[in-house]
Amino acid sequence: MNATIVKKKKKKWWLTYTFWFILPSFLLYTIFVIWPTLSSINLSFTSWDGINPEVRYIGFENFKEIWESTRVHNALKNTIILAVALVILENIVALGLAILVDKVRWCRNLFRSIFYFPVLMSGIIMGFIWMIILNYNFGVFNQLLEKIGLGSWKLDWLGDPDFALWAIILSTVWKAAGYYMIIYLAGLQGIPQELLEAASIDGAGRWKQFIHITFPLLAGATTVCVMLSMIGSLKLFDQIAVMTNGGPGFSTETLTYIIYRVAFGEGRQGFGTALSLVLFAIILIVSLIQIKLLRKREVQM
Amino acid sequence: MKKRKKIKVSDIVLFLVTLIIAVIFAFPIFFNLMSAFKTNGEILRDAIAFPAAVYLDSFKYLLTETDYPKAIFNSAVLTVVSIALMVFIIPMAAYGIERTANKWTNGVYVYFLFGMMIPFQVYMIPLFRQMKAMGLFGTLAGPIMIYIAGSVGFGVLLYTSFLKGVPREIEESAEIDGCSRIGIFWKIVFPLLGPVTASMVVLQGLGIWNDFLLPMLVLPSGEPKTMIVELFYYVGEFSSRWDMIFAGTTMSLIPVLIAFLTLQKYFVKGVSSGAIKG
């Protein structure tokens with residue numbers, strides 16, 4: 001629409017090509033991303049079930065229900081646990097792996113590939129593999145516990161509400177850490193060696209070098225990784241679908257998962273849409289806060 | 001400078017630590033590949049043991065007795081067609097935006113980037129409704145268009161930032177020679193965008209190949225959808241036939257593994273270029 005105005009205003013030929021070059025992307029993006037996003041605002045005020053051609057408006061009822069529902073509160077709690085745990089663990093593991101790959105003397109590329117490969121797997125496949133590994137009767141994990149004499153620790157890891165969420169968290173760390181490792185690795189390789197040498201001449205040990213030089217200089221990489229891992233954890237879906245399906249009960253439901261379950265499993269698409277707007281608001285707020293906070297501590301080189 | 005350093009004890013310790021962690025990281029994948037060639041009994045008896053003999057029946061069963069071949073076909077069509085159209089449409093838009101800098105194109109640019117902030121889950125329910133209204137529900141064309149639309153923001157960002165570093169002189173001289181814009185773009189500019197195109201193909205292709213939610217929602221129920229969706233259903237239906245599911249996951253992983261081994265450089269580059277957006 002912007003582009004059509006341009007076309008009328010000025011008649012230079014190169015503007016016409018600009019218009020035609022942008023048009024296909026503009027149309028697809030508007031029809032399949034922006035339009036449904038906007039119509040979700042409309043749909044969130046209805047009690048639509050997904051099938052009935054008649055759509056009934058119920059005002060703010062959906063949002064009121066979100067505010068009061070204990071199931072939504074539980075999903076929100078899980079989402080927060082998941083986000084905090086994943087951001088912390090993924091970044092620590094990723095930074096650790098990056099340092100190892102950066103410092104190790106042999107087979108550097110092989111190690112990097114091994115740590116990175118889980119990133120390429122679908123969440124469904126990865127969730128299935130971990131589900132089998134954690135299976136109560138035949139899983140590798142319990143077999144291993146038995147072999148080292150800790151048979152009494154055996155548990156149905158995914159069937160126990162206390163452990164199911166942590167099983168999802170740890171397997172996701174395994175899957176995602178390699179991605180952030182690549183970003184940290186690029187950061188590490190950008191640190192000038194002279195700085196570290198100068199510090200070691202001044203008598204700074206390895207740990208002090210890391211705390212005072214390496215880590216502050218990695219701030220740019222950290223900003224990116226924390227943001228990406230936070231948004232990734234808010235969108236986590238596939239693993240939950242295959243490993244627990246939100247269960248046992250509702251105990252591992254997150255906001256993204258509850259949207260799907262409510263809308264397509266329970267036929268409450270109006271309510272699901274209202275929830276999805278809440279999720280969108282949370283993602284927007286979180287990203288804005290993070291950009292503000294983390295930009296402050298970046299070191300200017 | 002290039003004097004070979006002596007091997008220190010700390011080097012060996014560091015190597016061993018890395019090796020142990022690498023074994024833990026590689027184990028689930030190794031476990032998957034190994035289990036695909038075992039009988040179900042073998043997997044249940046001792047999950048860690050090597051297969052007694054290479055057992056291929058689960059592959060045969062999947063390919064002849066189930067709908068899996070149709071799902072493989074769907075996955076391949078969705079991935080290949082979406083990617084081909086993506087690298088056809090998106091670089092043109094990026095070129096139009098970058099080479100005509102004014103407030104309108106800048107507005108379009110910001111409008112496109114905004115899409116990167118919107119997660120799929122936010123618009124999936126209205127989209128589902130829209131697909132039905134437009135008659136695209138149940139067709140492969142539906143998800144293809146959604147994939148392209150969803151990658152416009154990221155793609156335009158990647159291509160425009162790369163185009164900034166491509167000098168305009170060649171284009172200008174071609175223009176004087178009377179070459180059309182379309183010709184200039186496809187004959188001169190597009191070949192120079194190779195590295196970005198490679199990153200796009202690799203990253204978006206992987207995302208589509210592995211996608212679960214979209215094909216599950218918009219492809220017709222009762223017919224085979226994509227590999228990943230079928231695998232998800234098998235986990236429920238054939239919950240006691242692990243050997244078969246492992247054979248299925250292996251078939252889905254093999255193309256990814258081959259792509260990774262041959263195009264490794266672009267996977268890594270794609271990650272770092274994707275990270276710039278922060």
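A patch, in the sense I will use today, is built from residues with over 30% relative accessible area and no salt bridge, and nonpolar side chains are joined into one when they lie within 5 Å. Please keep in mind throughout that this is a predicted model.

With that in place, let me begin on the surface of chain A, where A:Leu76, A:Ile80, A:Val84, A:Ile88 and A:Ile92 form such a nonpolar patch, with about 440 Å² of accessible area together. Take A:Leu76 as the example: this residue is found in helix H4 of chain A, which covers residues 70-103, and its relative accessible area is 33%, so A:Leu76 counts as partly exposed. Since the threshold for a patch is over 30%, that value of 33% is what lets A:Leu76 qualify.

Let me turn now to the interface, where 95 residues of chain B are in contact with 87 residues of chain A. The two chains bury about 8700 Å² between them, and 79% of that area is on carbon and sulfur atoms. On the chain B side, the residues that lose the most area to chain A are B:Phe25, B:Trp104 and B:Ile125, which together make up 9% of what that side buries.

What, then, about charged and polar pairs across this interface? The count is 12 residue pairs in polar contact between chain B and chain A, with both residues at pLDDT 80 or more, and the rule finds one salt bridge. In a salt bridge between the chains, the side chain of B:Asp11 meets that of A:Arg105, at 3.0 Å from N to O. As for secondary structure, helix H1 of chain B, residues 9-36, gives the most to the side of chain B that touches chain A, with 17 residues.

How values were computed:
Residues numbered from 1 in each chain as written. Chains lettered and ligands numbered in written order. Predicted model: local features only at pLDDT ≥ 70, side-chain atom pairs only at ≥ 80, totals over all residues. Heavy atoms only, no water. Patch = residues over 30% accessible without salt bridge, like charges linked within 9 Å, V, L, I, M, F, W, Y side chains within 5 Å. Areas by Shrake-Rupley, 256 points an atom, 1.4 Å probe, with all protein chains shown as cover. Salt bridge = Lys/Arg side-chain N within 4 Å of Asp/Glu carboxyl O. Helix = DSSP H or I, 4+ residues; strand = E, 2+ residues; numbered from the N terminus. Buried < 20%, exposed > 50% of the residue type's maximum accessible area, 1.4 Å probe, protein only. Contact = heavy atoms within 4.5 Å. Buried area = accessible area lost by both parts, 1.4 Å probe. Polar contact = N/O pair within 3.5 Å; in protein donor to acceptor, adjacent residues only side chain to side chain.
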